[in-house]
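Dear colleague,

Please find below the structure that I am handing over to you, together with its sequence. My notes on what was found in it follow.

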Amino acid sequence: MPIERTLTIIKPDAVAAGHIGDIIKILESNRFNIVAARRVALSKRQAEGFYAVHRGKPFFESLTNFMSSGPVLVMVLEGDNAIARLREIMGATNPANAAAGTIRKLYATSIERNAIHGSDAPESAAFEISYFFPGLDLL
Ligand code: CMP
């Protein structure tokens with residue numbers, strides 16, 4: 001399996017609920033190494049830039065309002081097959097459909113307030129890592 005880097009965001013709902021430590025524990029126990037981390041209060045404009053691929057969708061306005069509503073923890077994770085493996089342990093976007101034991105099943109409360117973001121492909125990981133950590137090597 002290739003060593004990859006991926007971007008994750010612990011979202012405002014999970015930060016406000018005090019789940020940063022719980023989520024990092026799950027990431028570390030699944031052999032992800034944290035290679036960079038920043039706590040950020042995203043502006044609405046920064047949230048819109050990050051989620052530009054979703055511009056025009058019905059949930060875009062609400063999503064970017066939510067993502068700029070409170071601090072988030074942004075991290076670059078490294079590990080074997082990190083992009084797909086992170087998506088697995090995050091669980092489905094809608095926590096109602098998330099498998100038992102996944103981060104979203106444990107901590108998300110709705111499809112929007114879903115606790116965590118993870119890059120969905122190598123191309124989006126490259127864009128998302130450079131969005132928050134310009135100059136950081138992709139591997
Ligand atoms: P995330 O993995 O961060 O990527 C885009 C986000 O948009 C997603 O998690 C959800 O929080 C949100 N999202 C996706 N689909 C919907 C939807 N149908 N309604 C509301 N929010 C959504």
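**The ligand and its surroundings**

The ligand takes up the space of the largest pocket. Please bear in mind while reading that this is a predicted model, and that every value below is computed from it.

Eleven positions deserve your attention first, as the ligand is surrounded by Lys11, Tyr51, His54, Phe59, Leu63, Thr93, Arg104, Ile111, Glu112, Asn114 and His117. Sorted by class, this shell comprises 4 nonpolar, 4 polar and 3 charged residues.

Oxygen atoms of the ligand have polar side-chain atoms of the protein beside them. For lysine 11, the distance from a polar side-chain atom to a ligand oxygen is 2.7 Å. For tyrosine 51, the corresponding distance is 2.6 Å, and for arginine 104 it is 3.2 Å. On its own, the ligand has 460 Å² of accessible area, of which the protein covers 79%.

**Histidine 117 and strand β4**

Histidine 117, one of the residues around the ligand, belongs to strand β4. Its relative accessible area is 11%, and because the limit for a buried residue is under 20%, histidine 117 counts as buried. In sequence, histidine 117 stands 67 residues from phenylalanine 50, while their C-alpha atoms are 11 Å apart in space.

The loops on either side of this strand also hold residues of interest. Alanine 115 lies in the loop between α6 (103-107) and β4. Alanine 115 is likewise buried, because its relative accessible area is 0%. Its phi angle is near 75°, which is a positive value in a residue other than glycine.

Serine 119 is located in the loop that runs between β4 (116-118) and α7 (122-132). Is serine 119 buried or exposed? With a relative accessibility of 0%, serine 119 is classed as buried. The side chain of serine 119 is joined to that of threonine 6 by a polar contact of 3.5 Å.

**A further positive phi angle**

Asparagine 81 also has a positive phi, near 50°, and is a residue other than glycine. Asparagine 81 is placed in the loop between β3 (72-80) and α5 (82-90).

In brief, I would suggest beginning your inspection at the ligand, which occupies the largest pocket, and then turning to strand β4, where histidine 117 is found.

With kind regards

Note on methods
Residues numbered from 1 in each chain as written. Predicted model: local features only at pLDDT ≥ 70, side-chain atom pairs only at ≥ 80, totals over all residues. Heavy atoms only, no water. Near = heavy atom within 4 Å. Polar contact = N/O pair within 3.5 Å; in protein donor to acceptor, adjacent residues only side chain to side chain. Areas by Shrake-Rupley, 256 points an atom, 1.4 Å probe, with all protein chains shown as cover. 1 Å grid on protein atoms, 1.4 Å probe; cavity = no way out; pocket = protein on both sides within 12 Å on 5 of 7 lines; lining within 4 Å. Sits in = over half its atoms within 2 Å of the grid points. Nonpolar A, V, L, I, M, F, W, Y, C, P; charged D, E, K, R; others polar. Helix = DSSP H or I, 4+ residues; strand = E, 2+ residues; numbered from the N terminus. Buried < 20%, exposed > 50% of the residue type's maximum accessible area, 1.4 Å probe, protein only.
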